[in-house]
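Here is a short tour of a protein model, written for someone who likes to see the numbers next to the picture. Please have a look at the structure first.

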Amino acid sequence: MLQLTVTLDPDQVLCACKYPKSNKLKDEEDIKQEYEKPEWRAEFNLGRRYQASYNIAPTDITPVIVSAAHFSEAKDQQYARTVMPMMWGMIPAWHKGDYRKHGLTTNNCRLEHLMDSKLYRGPFKRGQRCVVVCEGFYEWQTTKQAKASEREAYLVYVPQESEVKIYDKSTWSPANVKLLRMAGLFDVWQDESGDKMYSYSIITFESSQIMSWMHYRMPAILETEQQMNDWLDFKHVSDAQALAALRPATALQWHRVAKLVNNSRNKSEECNKPFELAAKPEKPKGMLAWLTGNKTRQQQNKSKSGEVEQLQETATKEAPKRNPTSPNALQSSAKRPRCELINIEQQESSDVQVKSEART
């Protein structure tokens, strides 16, 4: 399951999402290319707001790029872009009741089943294509056999300029950072009062060689402005052409991060740092240390008790079974009490003799 990192506030997101002003793209090396900043469209979203974070999980609100033509018929808006907050995890349009209880896992949309899906086919046919932006996403290595809690986690991002370290904000600004852009689909859900909630799913497909060592699936990453235009421009780009823009990324970078990211409630800046640079968690102090130590001791005692029980059970299973009616068993049981009785009789005889001599 993916998790994202987006640490920019709305104004910074807009600065990082500038796009070529003309739909006719020039050579990427042409320094005369003019860029335009998209507009931020604030939505009520049932009171949910976007909050920048180093660790964003499904059901959180994140910034998403859509075509401005969804909200305006003006000609100058046909190729314009709008950034708006949406909830990660598409809410089925037909769902009734609490939007959080539809019971479906909609974080990701498999490209292979997009056209067969009751949930995704409609939004795709209506041109509700979007682009999810972030500084990078966290992914766990599932290609090695390991428990979920023990899997290594990585931050994946697009290559940056040599002086830019994506995990160190002091080395970059919204103007020179390269955001990672993932293709998605969005939909609009309304409650009984007519209030709207915008939500989205990220499109994924089978991993190419660049990520197959880590995970068997990967998001559809849009590397070029042409891919961005083809995916967003639902007015002029057909469904087939849009789907053709979704292809495996050719250049990605990553580094291992601490297991701190496993819990999405951890939002600190340590989340996206390389494993070797992340601060080690502090040892508990005071009462917390006592409680933690006590809990550890209880777990150790429980573990030892379990080991003893297991040894006893093993010994019982391995011990030879004895037949209580066998001659050897009868002889053994008869000898033991016989010996004890003889000793007792000898002791009593000795005591009587001593007393008799005393009387004499």
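The report below goes from the whole chain to its core and then to its cysteines.

This is a predicted model, so please read the values with that in mind. The protein chain holds six helices and 15 strands. Of its 360 residues, 38% are buried. If you look at contacts between residues at least 6 apart in sequence, 67% of them join residues at least 24 apart. On the outside, the protein chain exposes about 21900 Å², and carbon and sulfur atoms supply 49% of that area.

Now to the interior. The largest nonpolar core has 77 residues. Among those with the most contacts inside this core are Leu4, Phe137, Trp231 and Leu252. Which residues does Leu252 touch, leaving aside its neighbours within four places in sequence? Leu252 is in contact with Val156, Tyr157, Val158 and Pro159, and also with Leu180, Ile210, Met211, Met218 and Ile221.

Finally, the cysteines. The count of disulfides comes to zero. Cys15 is in no disulfide: its nearest cysteine sulfur belongs to Cys17 and lies 9.3 Å away, whereas a disulfide needs the two sulfur atoms within 2.5 Å. Two cysteines can be set side by side by their accessibility:

| Cysteine | Relative accessible area | Class |
|---|---|---|
| Cys15 | 21% | partly exposed |
| Cys134 | 1% | buried |

Cys15 counts as partly exposed because its 21% is not under the 20% limit for buried residues. Cys134, at 1%, is buried.

Technical notes:
Residues numbered from 1 in each chain as written. Predicted model: local features only at pLDDT ≥ 70, side-chain atom pairs only at ≥ 80, totals over all residues. Heavy atoms only, no water. Core = buried A, V, L, I, M, F, W, Y, C linked by side-chain atoms within 4.5 Å. Buried < 20%, exposed > 50% of the residue type's maximum accessible area, 1.4 Å probe, protein only. Contact = heavy atoms within 4.5 Å. Helix = DSSP H or I, 4+ residues; strand = E, 2+ residues; numbered from the N terminus. Areas by Shrake-Rupley, 256 points an atom, 1.4 Å probe, with all protein chains shown as cover.
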